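Student: Before we discuss any labels, could you show me the structure? I would like to know what each term rests on.

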Amino acid sequence: MKIKQFVLSWQVKNPGKKSILLMKLSFSLYLLGCLQLMAINGFSQDKVTLNLENTQLETILKQIEKQTSYSFIYNNDEINVSQKLDIEVIDKDVTKTLNELLQTTSIKYLVKNSFIILSNRPQQKNKYTLSGTVKDAATGETLPGASVYIKDSDKGVSTNEYGFYSITFPEGSYSFQISYLGYTLKEINLELTKNTKLDIQLEPSSNELDEVTITANNENKSQVNTIASGISTLKGSEIKRLPAFLGEPDIMRALLTLPGVNTIGEGASGINVRGGNIDQNLVLLDEAPIYNPTHVFGLFSGFNTDAIKEMKLYKGGIPARFGGRASSVLEIRQRDGNTKTFKGEGGLGLLFSRLTLEGPIKKEKLSFLVSGRRSYFDAFFPIIGGEVKDQKVFFYDLSSKLSWKINKNNTLFLSGYFGADVMKLLFEGEVIPEGKEPDDKTDFSWKNATATLRWNHIFSNKLFMNVSGIYSQYNYKLKSTDGGPLETNSSIKWKSSIENFIIKPDFTYYLNPSTKMRFGINGTLYRFTPAKATSDDIGINTINLETEKGVEVAPYIEYEKKWKKFSFSTGLRYSWFGNFGYNKVAVYSPGVPQNVTTIIDTREYKKGKLIKSYTGFEPRISLKYNLKNNKALKLGYNRMFQYIHYISNTTAAFPFDVWKLSGVHIKPLEVNQISAGYAYDTQNKHYNFTVEGYYKTFKNIVEYKNGANLLLNENIETQLLPAKGYSYGTEFGIYKNTGKLRGSINYTYSVTKRKTTSIFSSDNINDSRYYPSNYDRPHVFNITTDYTIGSKWNVGLFFTYQSGRPITKPTGRFIFDNNPYLTYSDRNAYRLPSTHRMDISFTYTPKKPNKKWKGSWSFGLYNLYARKNAFSSFSIFKNNRLRSYDFYLIGAPVPFITYNFKF
């Protein structure tokens, strides 16, 4: 019927030709159908019946040939026809017979007309795993992030935080290349015929003091091979090459040379990353959180660079194993200690000294590291004389670590840190008789202390585990005879503390060179004691703000997969937070703003009673697509929850500001960030280029009412406002990694704004309009260079330009009831002038052959051309006119000189 319809619808002008064509077409279709039917039925009609045991394959094949129309073709050198098999079939076609016959062999078949061709299946090679640790050949120090790759390929892995690697390949011969920044490339030829454990030692490419030669194969700032964007790594040697304030290498100042990182001003504590507040940065020292990472209100870093192995800043692409902060993670790793020989290094400066000692207690088994630092500003105060003669201001810190390699599968690390600032201030006009305590003084100190115990265990060549137990404490104390910050005429004693107890089991499973899984759980106990204050003033009661307790539990999983062109890293973190008693929580009258007059009740929660809980899903994903010629495109998304809050409405952070847990009146902060980037390396990888853009949203930010009083406030929530915000920006970076001239140029354009969201319009700031945050600095431009002159001299230069930060200024005053009052602009409606500064340093390293002692001199100028950068602004009425003045901390060049040494 179908053929007929087809023919009738086909119009041909010549009927004779039409008949001939129809005949040909019909015959062709008939012939095709017959051939197809023969191909199907002919094969299935050859039935086989066999019942043979322990019979040679050759004999069985001949029997099949006799019962069918098929002949077998095979190569006697390839097919073992003498092997003996069993077969029992009754009236089965050839396909079923052959499938049953050959199922236990490596033989496959192909039917071609009346022939059956036999051949061997290609044998799959066994896969084996190469695993081990990459170390420094001179010190035995593990090298995190070292590359272990097959030569001239993109197949390989990087070592984890403890220098461990695992890579699985089919059996065969391989040439592996192992590389690490500042070390000579190593090539190993290996016949992989079984699971192999191989510890690799790399030779430093330069043994000169504070100098690192970066070989061409190492990709210092390359972002092409990493999946996630927004990650920066700095080694201790890089930090030391930067010009430093008063000659002291500084981690926190080194971070300010990176794109997307700024601060509210010179000498301010903490950093602001992509629009986040300083409390949104998780600072980890050997996995222990540090709440105040600076000394002297932010002038100096709290860490001795000599003890630091490396630090890594995550601005985007934050892995799921990190949580608890909303904007960034700064992961700092201390060195493990030399396992081979006793070593020391340090520096002597005008205002600081530092010393680091390390060495083996038992070679290749047990090692130690101790690093100390102390300032002695106050030693010069008597020379200066005047009001500062009797003042005491100094800081010190101490880092220590023990590393014990128990056996090839188990290693223990015990590390600790203690840092303190001490101020003993006497007030203007007081004369102190010798041997007598002053009547008007303030003693002020704040301290960080951490302890971390870690256990590395290798279950197999693919499964690595680390379990960490961590304790972290931050506290401050104030003792003043004039009331201190309370500004009374009475004495006051005030102390506050923060404690964290953390347990973190973490597992990494290396499935193959392109696939890796990581999973674990973080458990944190928080203890915040906001303030305990006593005074001898009868009008001031003893203030004892209740200790807050919270628990955060967060299981997580990460999965990473790489292909030739496309790679992705994804993760999921589920966080649960609970605020527990004992505590008292105020209940406020509904429908009116919260203040002390609207408290209608106080709810008391017994010890261990759950007050309020929150949960959050925190997905993380990073995607990368490789373009040609060392180029890559990246895309990422992060969601982070933060359950602790730094409560401060001052321009700069102060040690006696308050930390609060999320609870009934304060919700956790939620931040969502999307980012996209482009990375390019030149062919020789001497230059790296990066462009990254991001957009962040903030929900449940803590903001402050106008004129908020936060000091020792038992109902501090009455001074707070909920807010939301957003931040976006683009970061450009160019890096040169090799040669005599090295350095970087980066530029960041960013916008950060906030908006209060109180349901009461009278509470909202700027009539509920968006306004710039305190650290909104749209334009930031940095240049960092260092140039090697011959074999003895090195010159370092740093220049920075930043837009002025927003401020709120007085606009006038009015008199009410014979008292003057100031009027103010909208919040952050003005800006300070833009800031810029140049620093320069010189390092001279004399050559002393065959000497164990190696020294160098570093000297230079901070703020080379005496720029007066405004830190803040203040206003006064003079001659009945309002006058505003800028306040700056450093307005002149600051010289420094330091002698550095190693032995």
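Tutor: Two strands pair if DSSP finds at least two bridges between them. Keep in mind that this is a predicted model.

Student: What makes E23 and strand E24 a pair, and in which sense do they run?

Tutor: E23 and E24 (residues 352–362) are joined over 6 bridges in the antiparallel sense. The cut-off is at least two bridges, so the pair qualifies. One of the contacts in register is Gly 346, whose bridge partner in E24 is Leu 355. The two strands form a hairpin, with 2 residues between them.

Student: Which other strand is joined to E23, and by how many bridges?

Tutor: Strand E56 (residues 894–902) runs antiparallel to E23 and is joined to it by 5 bridges. There, Leu 348 stands opposite Tyr 899 of E56.

Student: Why is E23 called largely enclosed?

Tutor: A residue counts as buried under 20% relative accessible area. In E23 (residues 343–349), 5 of the 7 residues are buried, so the strand is largely enclosed by the rest of the structure.

Student: Why are strand E2 and strand E4 said to stand at the edges of their sheet?

Tutor: That sheet is open, has 3 strands in the order E2-E5-E4, and shows mixed pairing. E2 (71–73) and E4 (107–112) each have a single partner strand, so one side of each is left without a neighbour in the sheet. Neighbouring strands here are turned by 30° against each other on average, direction ignored.

Student: How do you know that E2 and strand E5 are paired?

Tutor: The count is 3 bridges between E2 and E5 (residues 115–120), which run parallel. At least two are required, so they are paired. Ile 73 stands opposite Ile 117 in E5.

Student: Which helices lie across E2, E4 and E5?

Tutor: Helix H3 (residues 57–67) lies across these strands, running at about 140° to E2. Helix H4 (residues 94–102) also lies across E2, E4 and E5, and runs at about 165° to E4.

Student: How do you know where empty space is left?

Tutor: Rolling a probe the size of a water molecule over the atoms shows it. In this model, a search of the whole structure finds 15 cavities of 30 Å³ or more. The largest cavity has a volume of about 490 Å³. Of the 43 residues that line it, the closest to its centre are Arg 253, Leu 256, Thr 263, Arg 837 and Tyr 862.

Student: What makes up the lining of the largest cavity?

Tutor: Its residues divide into 22 nonpolar, 14 polar and 7 charged. The largest share, 4 residues, comes from E52.

Student: What makes the peptide bond from Gly 581 to Tyr 582 worth a remark?

Tutor: Most residues other than glycine have a negative phi, and most peptide bonds are trans. The bond from Gly 581 to Tyr 582 is cis, with omega near 20°. Tyr 582 sits in the loop between strand E34 (566–580) and strand E35 (583–588).

Student: Which value sets Asn 700 apart from that general rule, and why is Asn 700 called partly exposed?

Tutor: Its phi is near 65°, a positive value in a residue other than glycine. Asn 700 lies in strand E42 (residues 687–704). Partly exposed means between 20% and 50%; Asn 700 has 22% relative accessibility, so the label applies.

Student: Where is Ala 866 found, and why is Ala 866 called partly exposed?

Tutor: Ala 866 is in the loop between strand E53 (854–862) and strand E54 (872–878). Its relative accessible area is 31%, so Ala 866 counts as partly exposed. The phi of Ala 866 is near 60°, again a positive value in a residue other than glycine.

Definitions and conventions. Residues are numbered from 1 along each chain as its sequence is written. This is a predicted model: local features need pLDDT of at least 70, side-chain atom pairs count only at pLDDT 80 or more; totals for chains, interfaces and linings use all residues. Side-chain values use heavy atoms; hydrogens and water are left out. Axes are lines fitted to C-alpha atoms, for helices over the stretch in contact, and angles run from 0 to 180 degrees between N-to-C directions. Contact means heavy atoms within 4.5 Å. On a 1 Å grid over the protein atoms alone, a cavity is a set of points where a 1.4 Å probe fits but cannot get out, and a pocket is an open set with protein on both sides within 12 Å along at least five of seven lines; lining residues have an atom within 4 Å of a point. Grid points are joined across faces, edges and corners, and a volume is the space filled by probe spheres set on the points. Ala, Val, Leu, Ile, Met, Phe, Trp, Tyr, Cys and Pro count as nonpolar, Asp, Glu, Lys and Arg as charged, and the others, Gly among them, as polar. Buried means under 20% relative accessible area, exposed over 50%, partly exposed in between (1.4 Å probe, protein chains only).
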